[in-house]
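Welcome! Here are some short exercises, each followed by a solution that goes step by step. Have the structure open beside you as you read.

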2 protein chains.
Amino acid sequence: MEWTREKRYLPYSKWDALTLLKLQSQAARSEYQLHYHIRPMSGLLNDPNGFSYFNGKWQVFYQSYPFGAVHGLKSWVHLESPDLVHWQNLGQAVLPDCDLDSHGAYSGSAKAIGDKLFLMYTGNVRDENWVRHSYQVGAFMDQEGNVEKIKEPLIKAPDHVTEHFRDPQILEHDGKYYAILGAQDAETKSGHISLYRAEKIEGPWEDLGYVDLPAMGYMVECPNLVFVDGKPVFIFCPQGLDKKVTDYQNVYPNMYWVGESFDFDTGHFETKQKAPINLDEGFDVYASQAFNAPDGNAYVVSWVGLPDMTYPTDEEGWANCFSQVKKLSLKHGHLLQKPVKAMKSLRSDKKPFAGHHLMDLGNQTEIKLDIHRGQEGTLTLAADEAGEHGIKLHFKTGNGASLTVDRGEAGEAVNPEYGTARSISLPENEDLSLRIYLDHSLFEIFIDGGREVITGRYFAPKGQIFAKMSKGVSYKGKSWKLKNM
Amino acid sequence: MEWTREKRYLPYSKWDALTLLKLQSQAARSEYQLHYHIRPMSGLLNDPNGFSYFNGKWQVFYQSYPFGAVHGLKSWVHLESPDLVHWQNLGQAVLPDCDLDSHGAYSGSAKAIGDKLFLMYTGNVRDENWVRHSYQVGAFMDQEGNVEKIKEPLIKAPDHVTEHFRDPQILEHDGKYYAILGAQDAETKSGHISLYRAEKIEGPWEDLGYVDLPAMGYMVECPNLVFVDGKPVFIFCPQGLDKKVTDYQNVYPNMYWVGESFDFDTGHFETKQKAPINLDEGFDVYASQAFNAPDGNAYVVSWVGLPDMTYPTDEEGWANCFSQVKKLSLKHGHLLQKPVKAMKSLRSDKKPFAGHHLMDLGNQTEIKLDIHRGQEGTLTLAADEAGEHGIKLHFKTGNGASLTVDRGEAGEAVNPEYGTARSISLPENEDLSLRIYLDHSLFEIFIDGGREVITGRYFAPKGQIFAKMSKGVSYKGKSWKLKNM
C-alpha cells in the first residue's frame with residue numbers, strides 16, 4: 001500500500017471501520033507491543049500533548065494517526081491515570097475537524113482552569129498549494145471529555161517567523177498566562193523559542209519576542225519551561241544543531257538547559273550552563289513534555305520514536321510508544337530523572353539477580369544492579385538461550401569509566417545508519433547503579449539515580465527473554481516481573 | 001437514529017472509522033463503565049464464547065456488535081488473561097466474513113487442540129426471504145490470532161429441529177469429540193439439548209439425539225456440560241420455561257441441573273434433581289459459559305445482560321458486560337460459585353466496615369460482611385449522601401430468614417416491568433456471610449460462600465458511592481477499593 005499524500009490526509013470518516021478494527025487487533029496482538037507503557041491503539045503515536053493534572057487525575061494525550069505507521073492527519077488521544085503509571089485510554093479527544101486544524105490537530109499543552117482543562121495546540125492547515133499555515137488554537141475540555149474549540153486562533157504566526165511555528169506550552173506566572181512556542185526565524189532560518197503573554201486565556205496574546213537563548217539549528221520543536229528545585233529549565237528539540245555545540249547521535253536530539261532565573265516579561269534567561277545537554281543518552285527519545293504539577297514536583301514524559309525514522313512494527317500498522325513518566329530534580333546543575341514511586345506497584349516475583357549463568361527474566365521486567373568499582377564486563381539483556389545475542393551493556397567502573405549500550409545484536413535493526421551503540425563516560429572508580437526496565441520492545445536504563453537515562457527500542461525474536469552477566473564481575477542485583485499497567 | 005434491519009446488518013466495512021472511534025471514546029468515558037470486568041470496547045456485548053485455556057493463558061471471547069447497543073451483525077472479540085481476572089482485549093477475532101456466517105458469527109466454544117485453538121460456533125445466515133439458516137462452523141485459531149475457517153459446516157441442522165439450533169459446546173471424552181447444542185424440536189416446538197459425536201474434530205459429526213432431560217420451554221440456549229467434583233452439571237438457558245417447573249423473574253432464566261452420571265454415547269443423564277435451579281438469583285445473568293480447565297477446576301463466566309431488554313447505557317452506544325469468572329464446586333448437590341483467587345490481587349486500601357454511619361466506599365469496591373444470626377435490617381449500597389437512595393439489601397437472619405435485593409431506588413430504572421427486587425430464603429438462625437463486589441454499574445453478591453449469587457446492573461447518579469448499615473444490627477465487616485483490571 002502506497003501512502004500517498006491524499007491517503008494520509010483522508011478524513012477519518014472516509015476510512016472504514018473494519019480496517020480500523022483489524023489495525024487495533026493487530027496492534028494489540030503484536031509480540032512487540034508494550035504492556036506498561038502508553039502505546040497507540042492503532043497506527044502511529046508521536047508527541048505527548050497536554051500533560052497535566054485535572055479533575056483529580058493525571059492527564060496526557062498522544063499525537064495519533066490511527067490508520068497506519070505514517071505521519072498523516074493527526075488527532076489527540078486522551079489517557080487518564082490516578083498515579084502516573086496506570087493509564088486508561090479514553091480515545092480520540094481532539095479531532096482535526098475545523099478550519100483552524102483541517103490538516104491536523106498538532107502538538108500542544110494543557111492547563112486546568114476552573115472546572116475545565118484548557119488546551120492550546122497548533123492547528124495545521126495546508127492551503128490549495130499545499131503551503132502550511134500554523135494557527136495556535138485554544139479549546140476547553142470539560143470533565144466529560146467534550147472539547148469546545150475557540151473559533152479564532154489565539155496566536156497567528158507573526159511576520160518574523162516562517163510557517164514553522166508550533167507546539168505551544170501554556171504557563172501561568174504572577175496571575176498572567178504565558179506561552180512558549182518553537183519557531184524558525186524568517187530572516188535567519190534559525191531555531192528559537194517564542195514567548196507570548198496574555199491577561200486572559202482567550203487573549204489577546206502579545207508577542208514578547210524570543211527567549212534569550214542562542215539560536216539553535218534551523219528549528220526548535222516542543223519547547224518546555226519547567227521549574228525544577230526552583231530553577232528554570234528549558235527542555236526542547238533543536239533540529240539541525242551543530243554537533244560542535246553539543247554532540248548527539250540521533251537524527252534530532254532532545255536537550256535541556258538549566259538556568260538561574262527566567263524573566264517572563266523580557267524573556268531573559270540567566271544561566272551558567274554553556275551549551276544544551278542531551279536529555280536522554282539513548283536512541284529514540286524526542287518531543288518530551290514536562291510540567292510543574294500541583295504536588296510540587298516536575299514530571300516529564302517522552303515520545304520514544306523520532307521524526308523521519310522507521311521502526312520494525314511499521315509493517316504491523318502501528319509505531320512508537322511513550323517513555324515512563326519521570327520525576328525531575330537537579331543535582332550540581334544536572335537534571336536527574338527518576339521513575340515515579342507508583343512504578344513499584346507493578347512489581348511482582350522478586351528474584352535475586354546473581355551468578356553468571358543465564359537468567360530467565362521475561363521481557364516485562366525491572367532489574368536493579370549495583371556493579372562495584374573497578375569492574376569491567378558486559379551485561380546482556382533480552383538475550384537468546386545461548387546468551388550471545390541481545391542488548392549489550394559494556395561497562396568499566398575503574399579508570400576511564402564508561403557505559404556503552406549496543407542494540408546492534410538485539411534483533412531487527414533499528415535505524416542502524418545512526419549507529420547501534422551509545423556511550424557515556426562515568427565517574428571513575430565509583431560503584432555503578434543501574435535500574436533497568438524492559439517492556440517487550442523498549443528498554444529504559446537509569447544510571448546512578450537518574451543522572452543519565454539511556455532509552456531505546458529493540459525488536460528481538462521471540463524467546464529472547466534471558467539476561468547474562470559476564471564472568472568475574474563483582475556486583476549485587478535483583479529483578480522483578482512487572483504487571484501490565 | 002433508527003436501527004433498521006438494513007442498518008444492523010450493514011457490513012463492518014460500510015461503517016466509517018470516525019463513528020467507531022467516537023463510539024469507543026464514548027464507551028471508555030462513561031460514568032457507568034466497568035473497570036475490572038470485561039466490557040465492550042464499543043457497542044453491544046453479549047454471550048461469552050470460547051472460554052478456554054490455550055497457549056499458556058486463559059481465553060475468552062465476547063459476542064460483539066461494535067456500532068451500537070443493539071443486536072446487529074455479530075463477531076467475536078478476543079481477550080486473554082494470565083489469571084482469570086486481568087484481561088487484555090485483543091480485538092475482533094472471528095468476523096462474519098464467509099458464506100456460513102454471513103449474518104453473524106454467533107455463539108460457540110473453544111478447545112485447545114495441538115498448537116491451535118479450535119473454535120466451533122453457529123454461523124447465522126439469512127436467505128433472501130430473511131429465513132434463518134444455522135450452520136455449526138469450525139475454525140482453527142493459531143497463536144498469533146489468525147483464524148482459519150473450515151469451508152464446510154461441521155453440522156447442518158437435522159430435520160428434527162427448527163432453525164433454532166445453535167451455541168455448540170465442544171467436549172472431549174474417551175478420545176472422541178462431542179458437541180452439545182441448544183435445539184428447538186421441529187414437531188413439538190420445545191427446547192432440548194442436542195448431542196453430537198465425532199472421531200475427528202473436522203467430522204463427520206453424528207447426531208446422537210437429545211440429551212435425556214425434560215423438554216424445557218420453547219428453546220434452550222447456550223447449553224454447557226461441565227464436570228464439578230466429578231458430577232455432570234448442565235448449565236443452560238431455557239426460554240419460555242413454565243414457572244411452575246422452577247420459578248424465575250427475569251425474561252429468560254439461566255439454570256443448572258446436577259446429575260450423578262452422563263452417558264456420552266446415549267445422552268442418558270442420571271440425576272436426583274427434580275427440576276432445574278437458577279444459576280443466579282439476580283436480575284441480569286444469562287448465557288453463562290463453563291468449562292473444565294487443565295488446572296482441574298470448573299469455571300463459569302456470564303453475560304450480564306438479557307435478550308430483549310434495554311439498559312440505560314444504550315443511549316451512550318454501548319451495553320452490557322461479563323460477570324467475574326467464578327470457580328464452581330458442589331455442596332449437597334447444590335452448585336457453589338466462588339470468586340477466583342486472583343480477585344484478591346485487585347484489593348487495596350483495606351478498611352473496617354463498621355459503625356452505622358455513612359461510609360465512603362467508592363464504586364469500585366469489595367465488601368465482606370458477616371451478619372450475626374437473629375438480626376434484621378437493611379444494608380444500602382451505592383447510597384447517596386443522605387443514605388436514602390441506593391441498592392437495598394433487606395435481610396433477616398432469625399426465623400423466616402431471607403435476603404431481598406432491591407435496585408428500585410438505586411438510580412435509573414432497569415427493566416422495571418420484571419420487578420425491582422429479588423428475594424431468596426436463607427437458613428434460619430444462622431450467621432449470614434456476604435461478599436459483595438461493586439464495579440460502577442454492576443453488583444455481584446456472593447451469599448454464604450457462593451451458595452447463591454445475586455448479580456445485577458444499577459445506574460446510580462454520580463456521587464452515589466456510600467454504604468450504610470441500618471441501626472442496631474450486629475455484624476463484622478471490612479472493605480477494599482479494587483484496582484482496574
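**Exercise 1. Work out which residue pairs with Glu221(A) in a salt bridge, and where the two partners sit.**

Step 1. Glu221(A) makes a salt bridge with Arg166(A), and their closest N and O atoms are 2.7 Å apart. A salt bridge here is a side-chain nitrogen of Lys or Arg within 4 Å of a carboxyl oxygen of Asp or Glu.

Step 2. The pair links distant parts of the chain: Glu221(A) belongs to strand S14 (residues 219–228) of chain A and Arg166(A) to strand S10 (residues 161–173) of chain A, 55 residues apart. Strands (E, at least two residues) and helices (H or I, at least four) are DSSP runs, numbered from the N terminus.

Step 3. Glu221(A) is buried, with a relative accessible area of 12%, and Arg166(A) is buried as well, at 9%. Buried means under 20% relative accessible area, exposed over 50% and partly exposed in between (1.4 Å probe, protein chains only).

Before the next exercise, two notes on the model. It is predicted, so local features need pLDDT of at least 70 and side-chain atom pairs count only at pLDDT 80 or more, while totals for chains, interfaces and linings use all residues. Residues are numbered from 1 along each chain as its sequence is written, chains are lettered from A and ligands numbered from 1 in the order in which they are written, and side-chain values use heavy atoms, with hydrogens and water left out.

**Exercise 2. Find the salt-bridge partners of Arg197(A) and Lys57(B), and say how exposed each residue is.**

Step 1. Arg197(A) pairs with Asp265(A), with the closest N and O atoms 2.5 Å apart. Arg197(A) lies in strand S12 of chain A and Asp265(A) in the loop between strand S17 (261–262) and strand S18 (269–270) of chain A, so this pair ties together parts that are 68 residues apart in sequence.

Step 2. Arg197(A) is buried at 17% relative accessibility, whereas Asp265(A) is partly exposed at 35%.

Step 3. Lys57(B) forms a salt bridge with Glu80(B), where the closest N and O atoms are 3.7 Å apart. Lys57(B) is in strand S2 (residues 57–65) of chain B and Glu80(B) in strand S3 (residues 75–81) of chain B, 23 residues apart.

Step 4. Lys57(B) counts as partly exposed at 32%, and Glu80(B) as buried at 15%.

Step 5. Asp97(A), Asp101(A) and Lys149(A) are joined into one network by salt bridges that share partners. A search of the whole structure finds 27 salt bridges over all chains.

**Exercise 3. What surrounds Arg126(B), a buried residue that has no salt bridge?**

Step 1. Locate Arg126(B) in strand S6 (residues 116–126) of chain B.

Step 2. Look for an opposite charge: the nearest such side chain, Glu163(B), is 6.5 Å away. For this search, Lys and Arg count as positive and Asp and Glu as negative, while His and the chain ends are not counted.

Step 3. Turn to the backbone: the oxygen of Trp130(B) lies 3.0 Å from a polar atom of the Arg126(B) side chain.

Step 4. Leaving aside neighbours within four places in sequence, Arg126(B) is in contact (heavy atoms within 4.5 Å) with His103(B), Val131(B) and Arg132(B).

**Exercise 4. How many disulfides are there over all chains?**

Step 1. The search of the whole structure finds zero disulfides, a disulfide being a pair of cysteine sulfur atoms within 2.5 Å.

Step 2. For Cys222(A), the nearest cysteine sulfur is that of Cys237(A), 5.1 Å away. Cys222(A) is buried, with a relative accessible area of 7%.

Step 3. For Cys321(A), the nearest cysteine sulfur is again that of Cys237(A), 16 Å away. Cys321(A) is buried too, at 0%.

**Exercise 5. Which turn and shift lay chain B on chain A?**

Step 1. A turn of 180° and a shift of 0.0 Å along the axis do it, with an RMSD of 0.0 Å. The copies are superposed by least squares on the C-alpha atoms of residues with pLDDT of at least 70 in both.

Step 2. This is the relation of a two-fold axis.

Step 3. The same surface serves both copies, as 100% of the contact residues of chain B recur in chain A.

Notes: A polar contact is a pair of N or O atoms within 3.5 Å; within protein, one must be able to donate a hydrogen and the other to accept it, and residues adjacent in sequence count only if both atoms are side-chain atoms.
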